[in-house]
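Here is a short briefing to read alongside the model. Keep the viewer open and follow the topics one by one.

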Amino acid sequence: MTFDYKIADLGLHEAGRHQIRLAEHEMPGLMALRAEYGDAQPLKGARIAGSLHMTVQTAVLIETLVALGAEVRWASCNIFSTQDEAAAAVVVGPEGTAEEPQGVPVFAWKNESLEDYWWTAEQILTWPGAAEDPELGPNMILDDGGDATLLLHKGVEFEAAGAVPATTDADSHEYSIILDRLRKSLAADPQKFTRLSAGILGVTEETTTGVMRLYQLAEAGQLLFPAINVNDSVTKSKFDNKYGIRHSLPDGIMRATDVLIGGKVAVVCGYGDVGKGAAEALRGQGARVVVTEIDPICALQAAMDGYQVARLDSVLEQGDIFVTTTGGKDIIMAADMLRMKDKAIVGNVGHFDNEIDMAGLAAVDGVRKVEIKPQVHEWVFDGGTERERSIIVLSEGRLLNLGNATGHPSFVMSNSFANQTIGQIELFTKAGTGEYRKQVYVLPKLLDEKVARLHLDALGVELTELSAGQADYLGVPVEGPYKSDHYRY
Ligand code: NAI
């Protein structure tokens, strides 16, 4: 079998396969779905364009989708997050060899440029033969952060307008790259995205930021196909975002800097699901944690959990470690970084790199950027002062838990990816039934509870069963679902 792909080094496939094998053991949810649906092949005929961090855990997801019958093309959703050995193992496949790969076309490597990144995003939508026969194109999207969905929607918008707009000064550097990419595509094939989008049955979206984009599109009446919001399954956001970050945030900081977190002052911007996990992890390492929030409910939660809640401005000179977790923008600006202590560490775990003002930092008078190692940079301010002062920025302001470490561990991603797999089955098998319209949906609670159930045995959890009388008294079925949709966990 020959197929196109672009990764760093196919020779890494054995190392990747060993890690995938160990990850499978830690991903009981995905393995249970393979056992449950392997024979029925519910994804047979699904052609999934996947855009999600190309890690070892994602490799287990990809091979689960394939085991359920899907064809897949994959890219990472972040320029730094690919684990090259995982990408190699997925291309080679469980049965293939480096000489004869039999796996899945992957377009991802660690340390892509932004131009590369948007090229890979287009590759997952560009299936062999689909230009001539749309039946060969993708019919499902699996997205993380919404970039594949964005590219498709922008392509359709510009095709309808007849041209890609000229880049303006107001456009970000990244947006100008997206416009360039679309200009090239539209010149070669003026109806590519319109044709593609007509074939898409739905998208499942992984993260808070991507989900926010989907709701915006749906509210504007511009969403082109049904969407499942995987993030707001309880077994996703209350687990991956919180317990996942509790593991992978300190992992990233430690691998990057080796600094002792104990005793330091750590400032966590945002106390949502990710912020809660971040603050707990840093406190667990002995840091004194300060939280910043704009939402009075989350601010009060942080205070009740025992954290100091302050404005960033009040603690800039005290913090040793600053972490943004807001999903917002312009959280730590260049002027803020200039006031920080010498060797303060600054990093982000929100989805996009606009929480930290990297452009402003690069424009500071006399600033120098020193690479300590890949994804760890010292920004030196001399500014004519007596002694040089510097700060350390991780992963150039992008997701540090994936750039400086390997992201969330397998067990928690098994929960997230079981939701992804179930979401793909839902949208694909129910396409055309009218059950899902061009709106954003969360999975039914019974399926959310199912995902949790699939992970209990591995942890030796003994779940108490309701008696019929108890169930009747509470007004819930013995087999669930147990909570109303507005219950918050
Ligand atoms: P969330 O909405 O639960 O939490 C964000 C919090 O930030 C909110 O409480 C909000 O009030 C607060 N906030 C907003 N603007 C702020 C500001 N200017 N200053 C201080 N606080 C502010 O969202 P969640 O689920 O915690 O996700 C946050 C980000 O992390 C998103 O971009 C999401 O996509 C990303 N994410 C990253 C992961 C990773 O592995 N690095 C994993 C999961 C999510």
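## A pairing to start from

Val 267 has Phe 322 as its bridge partner in strand 10. That pair belongs to the parallel pairing of strand 7 with strand 10 (residues 321-324), which runs over four bridges. Helices (H or I, at least four residues) and strands (E, at least two) are DSSP runs numbered from the N terminus, and two strands pair if DSSP finds at least two bridges between them.

Please keep in mind that this is a predicted model, in which local features need pLDDT of at least 70, side-chain atom pairs count only at pLDDT 80 or more, and totals for chains, interfaces and linings use all residues. Residues are numbered from 1 along each chain as its sequence is written.

**The mixed sheet**

- Eight strands form an open sheet with mixed pairing, in the order 9-8-7-10-11-14-13-12.
- Strand 9 (308-309) and strand 12 (368-373) are at its edges with a single partner strand each, so one side of each has no neighbour in the sheet.
- Strand 11 (residues 344-348) is largely enclosed by the rest of the structure, because five of its five residues are buried; buried means that 20 or more other C-beta atoms lie within 10 Å of a residue's own, exposed means 12 or fewer, and partly exposed is in between, with C-beta atoms placed from the backbone.
- From strand 11, Ala 344, Val 346 and Asn 348 point one way, while Ile 345 and Gly 347 point the other way, and all are buried.
- Strand 10 pairs with strand 11 in the parallel sense over four bridges, and Ile 321 is found opposite Ile 345 there.
- Between these two strands the chain passes through helix 14 (residues 334-339), making a right-handed β-α-β crossover; right-handed means that, with the strands pointing away from the viewer, the path from the first strand over the helix to the second runs clockwise.
- Strand 11 also runs parallel to strand 14 (residues 389-394), joined to it by three bridges, with Ile 345 opposite Ile 392.

**The parallel sheet**

- The other open sheet described here has seven strands in the order 3-2-1-4-5-6-15, with parallel pairing.
- Strand 3 (106-107) and strand 15 (440-441) stand at the edges of this sheet, each with a single partner strand, so one side of each is left without a neighbour.
- Strand 1 (residues 47-51) is mostly covered, with five of its five residues buried.
- Arg 47, Ala 49 and Ser 51 point one way from strand 1, Ile 48 and Gly 50 the other way.
- Strand 1 is joined by five bridges to strand 2 (residues 71-75), and the two run parallel.
- Helix 3 (residues 56-67) completes a right-handed β-α-β unit with strand 1 and strand 2.
- Strand 1 is also joined to strand 4 (residues 140-143), in parallel, by four bridges.
- Gly 50 of strand 1 faces Trp 74 in strand 2 and Leu 142 in strand 4, while Ile 48 has Met 140 as its bridge partner in strand 4.

**Annotated glycines**

- UniProt (unreviewed entry) gives the feature "binding site" at twelve positions, including Gly 272 and Gly 275; its positions follow the numbering used here, feature names are shortened, and annotations may be inferred rather than shown by experiment.- Gly 272 lies in the loop between strand 7 (265-269) and helix 11 (273-284), and counts as buried because it has 20 C-beta neighbours inside 10 Å.
- Leaving aside neighbours within four places in sequence, Gly 272 is in contact with Cys 298 and Thr 325; two residues are in contact if their C-beta atoms, placed from the backbone, lie within 7 Å.
- Gly 275 is found in helix 11 and is buried, with 29 other C-beta atoms within 10 Å.
- With neighbours within four places in sequence again left aside, the contacts of Gly 275 are Val 268, Gly 270, Val 291 and Thr 325.

**Ala 287**

- Ala 287 is in the loop between helix 11 and strand 8 (288-292), and its 23 C-beta neighbours inside 10 Å make it count as buried.
- Not counting residues up to four places away in sequence, Ala 287 touches Ile 261, Gly 262, Lys 264, Val 265, Ala 266, Leu 282 and Ile 321.

**Domains**

- The protein chain is divided into domain 1 (10-144 + 146-205) and domain 2 (248-403), with bounds that come from an automatic or database domain assignment.
- The C-alpha centres of domain 1 and domain 2 are 31 Å apart.
- Six residues of domain 1 are in contact with seven residues of domain 2.
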